[in-house]
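Open the model in your viewer and keep the sequence panel beside it. This tour tells you what to select next and what you will find there.

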Amino acid sequence: MKMVLLQFLLLGLVVAVWPHFWLAALVLASVNSLTFLFLRQSEARQRATLRMDSQTIDPTLKIADAALPYMRHGLNEETAHKIAEIIQRIGDVPAVAITDRERILAFLGPGCERHPPGGGIVTHATKQVILTGEIKIVERRADFQCPVKDCQCPLGAVVIVPLKCRDEVVGTLKLYRTEEGPLPQIMINLAIGIAQLLGVQMELAELERQSQLAMKAELEALRAQINPHFLFNTLNTIVMFSRTNPETARRLLIRLASFFRHALKSTGHFTTLREEWDCVNTYLVLEKARFREKLRIVRSVDKSLFDYQIPILTLQPLVENAIKHGIMPKVDPGTVRIAVRRVGNEMAVEIADDGVGIPPEVLPKIFTPGFGSGSGVGLSNVNERLKGLFGENYGLQVTSEPNKGTVVQFRIPLAKQLSESKEGGALEAKSVNR
């Protein structure tokens, strides 16, 4: 605009000196000014278009859109390979690798032949990211600290970003360059953005899986509580006592009604340890009436934990498993020990028996869904529920030795205290053999 005003000022001076040329000069100046304004507006529109295009063409969003169908299925070799292909193609990255906490799930680009999928993580830089949960940028080939010998590594620099699901590191995403030196900021931002999107999708997939598992677990748990074999065997025991000891038969009927009442009113994922312990006690009284001297129960529970939460139908299935698969096949009498105690900020549970034990070839299969006999809640179901509610580190720990017995342990964080315990902190430890 200043240029236009200056041109009109010069035009006025020219007309004052040469009045006969004012018309031609005026026309030329007007045409020049209009041309100048048109060019300025065209340039401004072009710059705006370029800015808009640079903002909308975001490789992270393109990658997210293309990888979304695979992200929903969690992190495994198949999905990792598909996602790595998408990242490499859209992000124009020379090499891409995706790992879980222990293995390489996918590696595409130069150097992949030395680090195939399924192999263990070997570079110290990747292990450090998994351990710390922090981003690591390596600008020199020597800083990879790769122990693979006789390898002329074609890669020069890498950004390693942790993959997190529910704030836990479950793997890493690595974007490589073949040249050594500082990585472009756009490449670092791309890695961070993709890792965040992967983490969100894995969390959504895990929530969906756990929701389905929880519903299935509740149905199976309820069905296990109304196990026909358990019901028929208990009723037969009560019928037997009704002839010889009617008072005992009456007490057992009351216990059986209480047991089913607890099963039918149980809703949600959690109950108090007090209610779960009452359910276990009721179940044990009924089983003790059946097996008499063949079954011995030793219980130890910290009463100060009674008002803390525990996943519903967790203790009873494990006790049932110990009696059914540990003590019943044994010729001699057997003992089941149940202990619940506080360890730091966690509740620790141990259920041990001196029964027949689990053969070494069978032990690795006990967490396979559907493995074993009977319609009760299996070890696999309880194990999956614990890990789903509290994390991978909170599953069942099982040790067993043939003809010596089995020990099942688990721990859970001390959850919200529902009410103040009226029992105090005394430790109850007694043997129940009546």
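**A charged network to start**

Select Glu-77, Asp-100 and Arg-103: salt bridges link these residues in a network. Side chains of opposite charge can pair when their charged atoms come close. The whole protein has 13 salt bridges by the rule used here. More of them come up later.

**Zoom out**

Show the whole chain as a cartoon. This is a predicted model. Eleven helices and 13 strands make up its secondary structure. The protein has 434 residues, and 41% of them are buried. Now turn on the surface. The accessible area is about 24,300 Å², with 57% of that belonging to carbon and sulfur atoms. Contacts reach along the chain too: of those between residues at least 6 apart in sequence, 67% join residues at least 24 apart.

**Colour by confidence**

Switch the colouring to pLDDT. The protein averages 76, and 72% of its residues reach 70 or more. Where is confidence highest, and where is it lowest? Strand 10, residues 346-353, is at the top with 96. Strand 13, residues 427-432, is at the bottom with a mean of 38.

Two stretches call for caution. Select residues 47-57, where the pLDDT is below 50. Beyond near neighbours in sequence, residues 47-57 have one contact in the model. Then select residues 417-434, where the pLDDT is also below 50. Here the model has 46 contacts beyond near neighbours in sequence.

**The five-stranded sheet**

Go back to the cartoon and select strands 1 to 5. They form an open sheet in the order 2-1-5-4-3, with antiparallel pairing. Which strands sit at the edges? They are strand 2 (104-108) and strand 3 (136-138), each pairing on one side only. Look along the sheet: neighbouring strands are turned by 15° against each other on average, direction ignored.

Zoom in on the strand 3 edge. Strand 3 runs antiparallel to strand 4 (residues 157-165), and three bridges join the two. Pick Lys-136, and you will find Ile-160 of strand 4 opposite.

Now add helix 4, residues 77-91. Helix 4 lies across strand 1 (95-100), strand 2 and strand 5 (168-177). Its angle to strand 2 is about 30°.

**Three pairs of charges**

Show side chains for the next three stops.

- Select Arg-140 and Asp-143. They form a salt bridge, with the closest N and O atoms 3.1 Å apart. Asp-143 is partly exposed at 32% relative accessible area. Arg-140 is also partly exposed, at 48%.
- Select Arg-177 and Glu-179. Their side chains meet in a salt bridge at 3.3 Å, N to O. Arg-177 counts as partly exposed at 22% relative accessibility. Glu-179 is partly exposed as well, at 40%.
- Select Lys-387 and Glu-392. This salt bridge has its closest N and O atoms 3.7 Å apart. Is each partner buried or exposed? Glu-392 counts as exposed because its relative accessibility of 52% is over the 50% cut-off. Lys-387 counts as buried because its 19% is under the 20% cut-off.

**Strands 7, 9 and 10**

Hide the side chains and select strand 7 (residues 295-302) with strand 9 (residues 334-343). The two pair in the parallel sense over seven bridges. Pick Arg-299 to see Ile-338 of strand 9 opposite.

Add strand 10. Strand 9 pairs with strand 10 in the antiparallel sense, over eight bridges. Follow Arg-337 across to Ala-352, its bridge partner in strand 10. Strands of a sheet pair through backbone hydrogen bonds, either parallel or antiparallel.

Now move to the hairpin of strand 9 and strand 10. How many residues lie between the strands? There are two, and Gly-344 in this hairpin takes a positive phi near 65°.

**Last stop: Leu-197**

Select helix 6, residues 185-225, and find Leu-197 within that helix. Leu-197 is partly exposed, with a relative accessible area of 30%. Next, add Leu-68 and draw a distance between the two C-alpha atoms. Leu-197 and Leu-68 are 129 residues apart along the chain, and their C-alpha atoms are separated by 9.1 Å.

Methods:
Residues numbered from 1 in each chain as written. Predicted model: local features only at pLDDT ≥ 70, side-chain atom pairs only at ≥ 80, totals over all residues. Heavy atoms only, no water. pLDDT = per-residue confidence, 0-100. Helix = DSSP H or I, 4+ residues; strand = E, 2+ residues; numbered from the N terminus. Contact = heavy atoms within 4.5 Å. Pairing = 2+ DSSP bridges. Axes fitted to C-alpha atoms, helices over the stretch in contact; angles between N-to-C directions. Salt bridge = Lys/Arg side-chain N within 4 Å of Asp/Glu carboxyl O. Buried < 20%, exposed > 50% of the residue type's maximum accessible area, 1.4 Å probe, protein only. Areas by Shrake-Rupley, 256 points an atom, 1.4 Å probe, with all protein chains shown as cover.
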